Amino acid sequence: MSKSLNSLTIAEARDGLRKGEFTASELTGACLTAIDGADALGAFVHKTPDIAREQATAADARLAKGDAPDLCGIPLGIKDLFCTKGVPGQAASNILAGFLPEYESTVTSKLFGAGAVMLGKLNMDEFAMGSSNESSCYGPAVNPWRSDDRELTPGGSSGGSASAVAADLCLGATGTDTGGSIRQPAAFTGIVGLKPTYGRVSRWGIVAYASSLDQAGPMAKTVRDTAIFLQAMAGHDAKDSTSADIPVPDFEAALTGDIRGKKIGIPREYRADGMPAEIAALWAKGADMLRDAGAEIVDISLPHTQYALPAYYVIAPAEASSNLARYDGVRYGHRAKLSQGDGITEMYEKTRAEGFGAEVKRRIMIGTYVLSAGFYDAYYNRARKVRALIKRDFDQVFAGGVDAILTPTTPSAAFGLGEMASADPVQMYLNDVFTVTVNLAGLPGISVPVGLDSQGLPLGLQLIGRPWEEAALLNHAYVLEKAAGFVAKPGKWW
Amino acid sequence: MSIDVDTARRVAKLARIRVDESDLPALADELNGIVTFMEQLNAVNVDGVEPMTGVTPMRLKRREDVVTDGNMPERILKNAPDAREGFFAVPKVVE
């Protein structure tokens with residue numbers, strides 16, 4: 001094989017491991033070397049080479065016995081939001097400095113149970129609040145793609161995951177998506193990212209941001225890899241009361257490449273004013289690709305689309321203000337140094353002021369405000385009603401026979417780190433304009449790399465599926481991927 | 001509705017986040033920008049719409065009311081900034 005081992009896809013590595021062309025230890029070694037040479041990307045924030053080598057050795061023993069699961073011996077990166085026993089996990093926040101989880105998240109237990117190898121923890125926006133990875137306590141992750149000498153964002157919040165996969169530091173990475181945090185970084189880095197239906201993947205052991213919106217999912221190099229990876233993450237978990245007790249289909253087997261007769265909706269409300277011509281052209285090209293594959297393209301309406309972002313920015317901060325109340329300096333993480341006479345209230349206030357970054361504080365306070373007496377109905381309840389209407393829009397479209405919806409993933413290609421620093425927070429929130437509706441409605445969505453912009457930066461398209469139909473969604477994405485033939489890789493500068 | 005310095009101070013207090021008096025005007029401005037953005041929701045007719053509580057129409061699972069875990073105080077306290085004699089320690093709460 002001419003490719004270096006770390007640049008293999010999960011499917012290629014699985015097949016090569018089973019044929020004995022190389023060992024899991026060799027594959028892991030190649031990734032560890034690549035990681036050590038890529039500190040400039042800021043993707044891995046806690047490296048775990050000892051765990052990786054140990055898991056790889058165990059995987060090799062299991063492979064030698066035959067009948068090893070698909071992910072056996074596959075080196076992955078884990079977003080810092082997942083608790084992994086005995087390995088620092090701090091959700092990219094100073095308030096969790098020094099936290100060593102005493103337990104393992106359900107997702108990582110399942111992955112390691114399937115023989116996957118953990119290379120380390122990946123950078124992200126603090127508590128998954130951000131779209132550029134710039135709110136991280138570790139400093140930003142950097143996009144391996146660039147068009148000039150500027151450093152670009154890999155997107156956020158799963159920026160480290162996206163950067164690591166795009167730069168071939170790992171074969172796949174876990175992400176989480178509350179408003180677009182898997183799909184937007186996947187689009188910015190030319191990889192595939194899938195947010196499953198709410199409830200498909202257990203949230204247990206993942207640091208909570210907005211519990212009614214959060215969902216973990218796979219980020220990988222191809223649609224097939226995404227299908228294999230999702231298979232190992234998905235399924236009911238008694239420890240998460242919102243995880244769905246329904247069968248998980250064989251996602252890889254669903255990749256038939258046949259979407260003849262399927263109906264693909266193009267929502268007219270997503271044609272936002274001022275959409276860059278390149279994005280509009282890419283979207284039209286994507287629709288043509290699906291039409292050429294035998295799908296029927298139909299114009300659809302999702303009338304409440306424009307209210308999705310304001311509804312999200314009420315609901316998510318409200319839930320965050322409640323979820324993040326637990327960081328109080330008592331049970332884990334940072335506690336502020338107190339002055340003579342300080343009581344428990346001063347301890348809370350100083351600890352939280354020191355431990356949280358600016359964007360997290362902003363969202364906690366907005367959430368506190370919209371939940372406070374006198375404003376609960378005006379903001380929070382109204383937003384939840386608008387959310388019901390947004391979901392109803394999708395329900396009606398799917399009831400009308402639409403199988404999947406095609407949209408751009410992001411309103412632009414990756415922007416430069418620091419370029420949004422002086423913008424007001426709402427400007428940054430606009431990054432999620434095409435992705436956030438999917439979280440509000442609990443639907444599965446996937447971003448597929450489809451082309452490069454005029455500066456040579458990757459652009460993605462998003463497909464949105466019916467609830468619980470990730471298998472069909474992946475097949476649509478597979479057709480789009482094949483038609484787009486996106487094979488570009490970032491030139492190595494790091 | 002707009003957020004003035006007094007409201008910002010009250011919100012920070014409710015959120016248990018210390019904000020210096022000199023930073024309150026800027027905080028009030030920022031929060032105002034976000035609240036103005038949210039006020040677009042006032043344009044939606046929500047008459048007769050039930051607030052959404054969950055995206056999937058499923059009944060929460062129930063389980064038998066039995067102890068499934070426990071007896072691990074050391075592990076529970078292991079990450080505490082200050083733990084003494086099997087307890088989380090905090091500054092004096094009652095005068």
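The following is a short exchange on how some descriptions of this predicted model are reached.

Reader: What makes Ala128(A) a buried residue?

Author: The cut-off is 20 or more other C-beta atoms within 10 Å. Ala128(A) has 30 of them, so it counts as buried.

Reader: Where is Ala128(A) found, and what is its phi?

Author: Ala128(A) is in the loop between β3 and α5 of chain A. Its phi is positive, about 65 degrees, although Ala128(A) is not a glycine. Most residues other than glycine have a negative phi.

Reader: How do you know that Asp168(A) is buried?

Author: By the count of C-beta atoms again. Asp168(A) has 22 others within 10 Å, and 20 are enough, so it is buried. Asp168(A) sits in the loop between α5 and β4 of chain A. Its phi is near 60 degrees, a positive value in a residue other than glycine.

Reader: Which peptide bond is cis?

Author: The bond from Gly156(A) to Ser157(A), with omega near 10 degrees. Ser157(A) lies in the loop between β3 and α5 of chain A. Most peptide bonds are trans.

Reader: Why are β5 and β10 of chain A called paired strands?

Author: Pairing takes at least two bridges. Three bridges join β5(A), residues 192–195, to β10(A), residues 445–452, so the two strands pair. They run antiparallel. One bridge partner in β10(A) is Gly445(A), which is matched with Lys195(A).

Reader: What makes β1 and β8 of chain A edge strands?

Author: Each pairs on one side only. The sheet is open and has eleven strands, in the order β1-β3-β2-β4-β6-β5-β10-β11-β9-β7-β8 of chain A. Its pairing is mixed. On average, neighbouring strands are turned by 30 degrees against each other, direction ignored.

Reader: Which helices lie on these strands?

Author: Helix α2(A), residues 24–36, is one of them; it lies across β1, β2 and β3 of chain A. Helix α2(A) runs at about 20 degrees to β3(A). Helix α5(A), residues 159–166, packs on the sheet and touches β1, β2, β3, β4 and β6 of chain A. The direction of α5(A) makes about 155 degrees with that of β4(A).

Reader: Which residues touch the most other members of the largest nonpolar core?

Author: Among them are Leu76(A), Val117(A), Leu119(A) and Leu463(A). The core has 171 residues. Helix α9(A) gives the most, with ten residues. Beyond its neighbours within four places in sequence, Val117(A) is in contact with residues including Ala24(A), Thr28(A), Pro75(A) and Leu76(A).

Reader: How do you know that chain B is not a compact globule?

Author: Compare the radius of gyration. A compact globule of 95 residues would have one near 12 Å, but chain B has 22 Å. Its C-alpha trace spans about 55 × 45 × 25 Å along the principal axes. Buried residues make up 18% of chain B.

Reader: What secondary structure does chain B have?

Author: Three helices and two strands. Along the sequence they follow the pattern α-α-α-β-β.

Reader: How many residues does each chain bring to the contact, and which element of chain A gives the largest share?

Author: Chain A gives 56 residues and chain B gives 38. Helix α12(A) supplies the largest share of the chain A side, eleven residues. By class, that side has 29 nonpolar, eleven polar and 16 charged residues.

Notes: Residues numbered from 1 in each chain as written. Chains lettered and ligands numbered in written order. Predicted model: local features only at pLDDT ≥ 70, side-chain atom pairs only at ≥ 80, totals over all residues. Contact = placed C-beta atoms within 7 Å. Helix = DSSP H or I, 4+ residues; strand = E, 2+ residues; numbered from the N terminus. Nonpolar A, V, L, I, M, F, W, Y, C, P; charged D, E, K, R; others polar. Axes fitted to C-alpha atoms, helices over the stretch in contact; angles between N-to-C directions. Buried ≥ 20, exposed ≤ 12 C-beta atoms within 10 Å, placed from the backbone. Core = buried A, V, L, I, M, F, W, Y, C linked by C-beta atoms within 7 Å. Rg over C-alpha atoms; globule rule 2.2 N^0.38 Å.
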